[in-house]
Each structure stands twice: as C-alpha cells, then as structure tokens.
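Please open the model in your viewer and keep the sequence panel beside it. The tour below goes from one selection to the next, and at each stop it tells you what is there.

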Amino acid sequence: MKVLGIETSCDECAAAVVENGLVLSNVVSTQIPFHAKYQGVVPEIASRMHIQWIYGVADRALKDGGLKSQDVEGVAVTAHPGLLGSLLVGLHFAKAFAWARDIPYIGVDHLLAHLYAARLRLKETEDTTAYPEYPFLGLLVSGGHSAICRVDDFDRVSVLGTTIDDAVGEAFDKVAKFYGFGYPGGVAIDTLAQTGDSGAFKFPMPNLYKKGKDGKDHSYDFSYSGLKTAVVHQLEQFRVKKPEAGSGAPPPETPASLAPSGKEAADIAASFQKTAIDILLRGLFRAADDTGITTVVAGGGVAANSYLRARLAEEKGLRTIFPPLELCGDNGAMVAGIGERYLLRGDRSALSETASARVKAFRKHYP
Ligand code: KG4
Ligand code: ZN
C-alpha cells in the first residue's frame with residue numbers, strides 16, 4: 001500500500017512515501033536556521049512555516065517517489081505528541097489530502113513512529129530477516145522524550161523507565177548552548193567529543209533507587225539535570241573571562257566568543273557525552289537483565305550519536321538495532337511506515353480527530 005506520511009510535530013517539515021516498508025521517498029525540510037537565533041524552537045514561527053512549506057514538501061515527496069497524487073492509497077500523519085499548532089498543520093493537510101482523494105487516513109503517535117523507524121528499508125534489496133522479533137526493548141532517545149520501553153508490537157509499548165527531568169537530547173542541547181553551538185547542539189557535541197578524552201573529567205551519575213523517596217520504583221529511570229549543572233560549572237571555569245569594566249577592551253558580542261576552546265573544551269564534551277550515555281545504558285542494562293529481553297531497538301535523534309552506537313555495538317549479549325542515520329531524527333518515512341501497518345489492519349482515524357500535545361501511552365505507570 002502506497003502511504004504518504006506527514007510529520008510536522010516540531011521544527012522539521014517532512015513528508016515521505018512508503019510501500020510495504022520500503023521508503024520510496026523521504027523529504028525533510030528543516031526550520032532550524034529560523035529558530036537557531038532564539039536557541040530553541042519558537043512554536044508560533046514553527047506553525048507558520050509548516051503552513052508555508054507543507055504543500056511543497058509533500059509535492060516533492062510524491063515526485064521523488066515517482067508518484068502522482070492519485071497513486072497514493074493512504075495517508076498517515078503525526079497526531080501526537082508535539083507542538084499543538086505545528087501538529088494541526090500536518091493533521092489538516094493529511095485530512096484534506098485523504099478527503100479530496102477519498103482514501104483512508106490515520107493519525108499516529110510520533111514516539112511509536114520513532115521506534116518503528118528501524119524496521120524500514122531504504123533499498124529494495126535490503127535484508128528483512130535482520131528485523132527484530134517482538135518483544136524487544138525500545139530505547140527512545142530524542143530532544144523531547146527519553147524512555148526505555150518494552151515493545152510487544154508496533155502499537156503496544158509499555159514504559160519501563162523514563163527521565164524524571166530533562167530528555168537526553170535536551171541535555172545535549174543545553175550543554176551545547178554553553179559552547180555557543182546554537183540549537184540543536186547534539187551533533188556538535190558528538191563531533192567535538194570525538195577529539196576529547198572521555199576520562200578527563202568525572203561527572204556525577206544520578207542516584208535513583210528501586211524505592212525512591214516518593215515510594216516509587218525508579219530502577220530504570222534517569223535524570224539529566226544534575227549532570228547538566230555539573231558540566232556547566234566545569235565549563236564556566238574554562239570560559240574566556242569577561243574584560244574588566246573600563247579596561248578598554250570591547251565586550252564579547254556572543255556567548256560563543258566566551259566559550260571555552262582547545263583541549264579542555266573537547267575533554268569536557270567527551271566526558272559529558274560518556275556520562276550522559278552511561279546514565280541511559282545503566283537503566284537499559286538493568287531492564288535487559290530483569291526482563292531477559294536481549295534485543296534493543298533505538299529510535300529518535302540521539303540514536304544518531306556515534307558514542308551510543310559504538311558502546312552498544314561492543315556490548316556482548318545484546319543485539320542492538322539502529323535506524324539508518326536519516327531515519328533517526330524526525331521524518332515522514334517513520335510515520336508512513338507505521339501508518340501503513342495500521343491502515344493494512346483496517347484502522348482509520350475520524351476526520352474529526354484532533355491533535356494533542358501530550359500522550360498518555362508514553363507515561364510511565366509506577367506500580
Ligand atoms: O527525534 P528528534 O529529531 O526530535 C524530537 O522528537 O525531539 O531529536 C532531536 C534531538 C536534539 O536534541 C538533537 O540535539 C539530538 O536529537 N541529536 C543528537 C545527535 N543528533 C541529534 N544528540 C547527540 N548526538 C547526536 N549525534
Ligand atoms: Zn522526534
């Protein structure tokens with residue numbers, strides 16, 4: 001079934017066509033340059049840009065896939081979670097497309113779609129026998145969400161552990177800000193860390209217990225706010241000092257001009273990255289031990305992180321599967337891919353369906 005997938009939950013305006021799990025086209029138009037100067041995504045700007053771009057992006061996706069609009073047999077769209085105004089643009093585009101062509105449409109969950117990305121094929125010749133069997137552990141690591149889940153089917157996920165404060169991508173972005181790298185900064189930290197010594201600085205791991213002070217079991221949970229604060233304090237020490245008032249020197253214009261550089265900067269980035277990934281893997285390994293599930297499927301922007309990939313590759317006893325790099329961040333192919341599964345099963349969304357900024361399904365239920 002040829003499914004057009006639409007993704008506008010945040011700052012990527014994306015559309016793709018998938019048929020039988022094969023990606024026929026995948027167009028991602030990023031708004032990052034338009035948000036970068038604000039050091040984060042501005043919801044109002046994001047929605048307006050999606051309105052301007054979605055038609056052209058979807059048109060490109062059809063053309064790249066060698067299709068006309070009448071060839072499309074179904075439409076899938078991210079309905080939650082995300083920025084409400086942005087989601088609504090994609091949702092209404094998808095509804096209008098489906099209504100005009102009288103084809104089925106389905107609203108899907110962005111996080112389930114991230115966990116589905118590893119199942120997609122970029123080439124017809126790709127080996128599908130390497131696909132993970134259910135159940136597997138899902139390592140969902142993005143800018144807005146982080147979770148370790150048990151995945152029993154493409155639409156059945158239970159959250160075993162989650163962050164109690166920042167998402168892992170958010171931690172990368174916040175630290176990157178102190179380097180003056182702009183938003184989002186995960187890739188810049190990843191690149192800088194490759195030239196540093198990850199053992200040079202020791203940063204704290206959060207202490208989350210089976211029986212937390214709140215009485216909840218936090219065995220697989222994690223936290224990033226303490227790490228972020230420790231790294232920022234360390235960076236402060238290597239910051240270029242502001243010139244004394246009246247010294248005659250011009251004040252530095254941007255935070256980037258104050259940012260540390262050289263060996264310390266690279267060592268701090270590498271040490272931060274190692275700790276950030278250690279925090280994630282501690283929960284993941286505990287979950288693998290306790291559930292006996294040894295297959296891990298990653299998804300989300302941080303699944304592109306080279307250190308995370310290298311660490312999991314060397315982990316004996318675990319089989320880890322990552323989506324191709326172009327399917328880690330937000331994209332329409334993952335939406336079309338999971339959408340095809342729902343549509344083939346006969347699931348349909350109502351044309352009255354609305355978007356929602358949050359989802360209950362990805363909330364952890366503490367026993
Ligand atoms: O999944 P995604 O594209 O958007 C959300 O759904 O949030 O994830 C974006 C996040 C950002 O925080 C970005 O800095 C991070 O993924 N990211 C990375 C890398 N590439 C993207 N973090 C660490 N290392 C990377 N190579
Ligand atoms: Zn995402």
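Contact, as the word is used for packing on this tour, means that heavy atoms lie within 4.5 Å. Please also keep in mind that what you have on screen is a predicted model.

Begin by selecting helix H5, residues 168-178, and colour its buried residues, which are Val-168, Gly-169, Ala-171, Phe-172, Asp-173, Val-175 and Ala-176. If you then show their surroundings, you will find that these buried residues pack against strand E6 (136-141), strand E7, helix H6, helix H7 (225-237) and helix H9. Just after H5, stop at Gly-180, which takes a positive phi of about 75°.

Next, select helix H6, residues 186-193, where Ile-189, Asp-190, Leu-192 and Ala-193 are buried. The buried residues of H6 pack against H5, against helix H9 (262-291) and against helix H10 (306-313).

Now move to the zinc ion, which is ligand 2, and ask which residues coordinate the zinc ion. They are His-110 and His-114, each through its NE2 atom, together with Asp-330 through OD, at 2.0 to 2.1 Å. Along the sequence, these donor residues follow the spacing H-x3-H-x215-D. The two histidines both belong to helix H4 (residues 110-116), and because they are four residues apart there, about one helical turn separates them. In an α-helix there are 3.6 residues a turn, so residues three or four places apart point the same way. Is His-114 buried or exposed? His-114 is buried, with a relative accessible area of 0%, and His-110, at 6%, counts as buried too, because the cut-off for buried is under 20%.

While the zinc ion is still selected, look at the angles among its four donor atoms, which run from 94 to 139°. The site is irregular, because four donors count as tetrahedral if all angles lie between 85 and 135 degrees.

For the last stop, turn to the empty space inside the protein, where a search of the whole structure finds one cavity of 30 Å³ or more. The largest cavity holds about 40 Å³ of space, and to see its lining you can select Leu-112, Leu-115, Tyr-116, Tyr-134, Phe-136, Val-151, Asp-153, Phe-154 and Val-157. H4 and strand E7 (146-153) are the elements that give two or more residues to this lining, and the largest share, three residues, comes from H4. By character, the lining of the largest cavity divides into eight nonpolar residues, no polar ones and one charged.

How values were computed:
Residues are numbered from 1 along each chain as its sequence is written. Chains are lettered from A and ligands numbered from 1 in the order in which they are written. This is a predicted model: local features need pLDDT of at least 70, side-chain atom pairs count only at pLDDT 80 or more; totals for chains, interfaces and linings use all residues. Side-chain values use heavy atoms; hydrogens and water are left out. Buried means under 20% relative accessible area, exposed over 50%, partly exposed in between (1.4 Å probe, protein chains only). Donors are N, O and S atoms within 2.8 Å of the metal (3.2 Å for Na, K and Ca); water is not among the atoms, so sites may look incomplete. Four donors count as tetrahedral if all angles lie between 85 and 135 degrees; four count as square planar and six as octahedral if opposite donors are over 155 degrees apart and all others between 65 and 115; anything else is irregular. On a 1 Å grid over the protein atoms alone, a cavity is a set of points where a 1.4 Å probe fits but cannot get out, and a pocket is an open set with protein on both sides within 12 Å along at least five of seven lines; lining residues have an atom within 4 Å of a point. Grid points are joined across faces, edges and corners, and a volume is the space filled by probe spheres set on the points. Ala, Val, Leu, Ile, Met, Phe, Trp, Tyr, Cys and Pro count as nonpolar, Asp, Glu, Lys and Arg as charged, and the others, Gly among them, as polar.
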